[in-house]
Amino acid sequence: MAGRGGGWRGLAMDAAGPMGYGPVAMHPALALLVSALAMTAIVGVRYLLASAGFAFATRVRQPGLYAGQGRQIRREIGWSLASAAIYGIPAGIVAWGWQARGWTRIYQDVHAFPLWWWPLSILAFLAAHDTWFYWTHRWMHAPKLFRIAHAVHHASRPPTAWAAMSFHPWEALTGAFVIPALVFVIPIHVAALGVVLSIMTLMGVTNHMGWELFPRSMVTGAAGRWLITASHHQRHHRDYGCNYGLYFRFWDRICGTDRGLGDFGPAPGRRADPGRDAPGVEPARPA
Ligand SMILES: [Zn+2]
Ligand SMILES: [Zn+2]
């Protein structure tokens, strides 16, 4: 089946998909399936590599932090890989549409928009994602919805570097369409989109790993008043009804749900390590 314009290029485009599968004529349904499977694999492998990397960093930096949490970690990996498929399918469909049908506002020529738009588009994506996340996350803390959709994520007590995508499929669905929808609305350079996805992965993993990656001066300083890192999200996992945001403290602050930063004291299943400074620890401060 030839794509737009027909001819060899059309054939190649149909077959190409997001990763360029080669100039083999492929039925659009098959190309879609290949693209969805490829994206699922990419999201899954990206999760495994990032989580394994930070789990290793945790072993080096805080040996024994995940002691006794083997069963929980296996559960976190299982839910996260299921989420990879839920994220991968819409992402694969959109990636196919981008390559084969010219869908989306993703652009490849960096000069197609003014250069100032490049960093601003990243901020726009993160702000939109954060807004969606804050309100859906807060909504999922309503008791009935919590049991159905969000209890899986909070079953990690305390979470580890493997909990980044540990969501019930209902919760994963609420997040799966955000970026695939935004690329139809907000123009973004393909590399800037890569930065957005990298930030998403980095923060998803590090916010759950049980220690603060970023320097204390940043976390407790001016930037930390607006940016969310592990110290902030840790408090959500400890206290539940607060600190719902994803990247920014904006919504938590204006809605009065920001209770400040948490700390990383010994928790069930975690060994106290008095000889070691708990990095990024700050006593709760008023929002
Ligand atoms: Zn929650
Ligand atoms: Zn969490």
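At what angle do helix H2 (residues 28-61) and helix H8 (residues 190-206) pack, and how far apart are their axes? This packing is described below, after an outline of the fold, for what is a predicted model.

The secondary structure of the protein consists of 11 helices and two strands. Along the sequence these elements are arranged in the pattern α-α-α-β-α-α-α-α-β-α-α-α-α. The protein has 287 residues, of which 37% count as buried. When contacts between residues at least 6 apart in sequence are considered, 67% of them join residues at least 24 apart.

Two packed helices are described by the angle between their axes and the distance between the axes. For H2 and H8, the angle is about 45° and the axes lie 10 Å apart. The two helices are therefore oblique to each other, an angle counting as oblique when it falls outside the ranges for roughly parallel, roughly antiparallel and roughly perpendicular. The crossing in which H2 passes H8 is right-handed. On the H2 side, the contact is made by Arg46, Ala50, Ser51 and Phe54, and on the H8 side by Thr201, Val205 and Thr206. By character, the residues of this contact comprise three nonpolar, three polar and one charged.

Helix H8 also takes part in the surroundings of helix H10, whose buried residues pack against helix H5 (143-154), H8 and helix H9 (216-219). Helix H10 spans residues 230-239, and seven of its 10 residues are buried, so H10 is largely enclosed by the rest of the structure. The buried positions in H10 are Ala230, Ser231, His232, His233, Gln234, His236 and His237. Just after H10, Tyr240 adopts a positive phi of about 65°.

A further buried position is found in helix H3 (residues 70-101), where Trp79 lies. Trp79 has 23 other C-beta atoms within 10 Å; because the cut-off for burial is 20 or more, Trp79 is classed as buried. Residues up to four places away in sequence aside, Trp79 touches Val152, Ser166 and Phe167. The C-alpha atoms of Trp79 and Ala163 are separated by 8.5 Å, although these residues are 84 residues apart along the chain.

Methods
Residues are numbered from 1 along each chain as its sequence is written. Chains are lettered from A and ligands numbered from 1 in the order in which they are written. This is a predicted model: local features need pLDDT of at least 70, side-chain atom pairs count only at pLDDT 80 or more; totals for chains, interfaces and linings use all residues. Helices (H or I, at least four residues) and strands (E, at least two) are DSSP runs, numbered from the N terminus. A residue is buried if 20 or more other C-beta atoms lie within 10 Å of its own, exposed if 12 or fewer, and partly exposed in between; C-beta atoms are placed from the backbone. Two residues are in contact if their C-beta atoms, placed from the backbone, lie within 7 Å. Axes are lines fitted to C-alpha atoms, for helices over the stretch in contact, and angles run from 0 to 180 degrees between N-to-C directions. Angles under 35 degrees count as roughly parallel, over 145 as roughly antiparallel, 65 to 115 as roughly perpendicular and the rest as oblique. A crossing is left-handed if the near helix is turned anticlockwise from the far one by less than a right angle, and right-handed if clockwise. Ala, Val, Leu, Ile, Met, Phe, Trp, Tyr, Cys and Pro count as nonpolar, Asp, Glu, Lys and Arg as charged, and the others, Gly among them, as polar.
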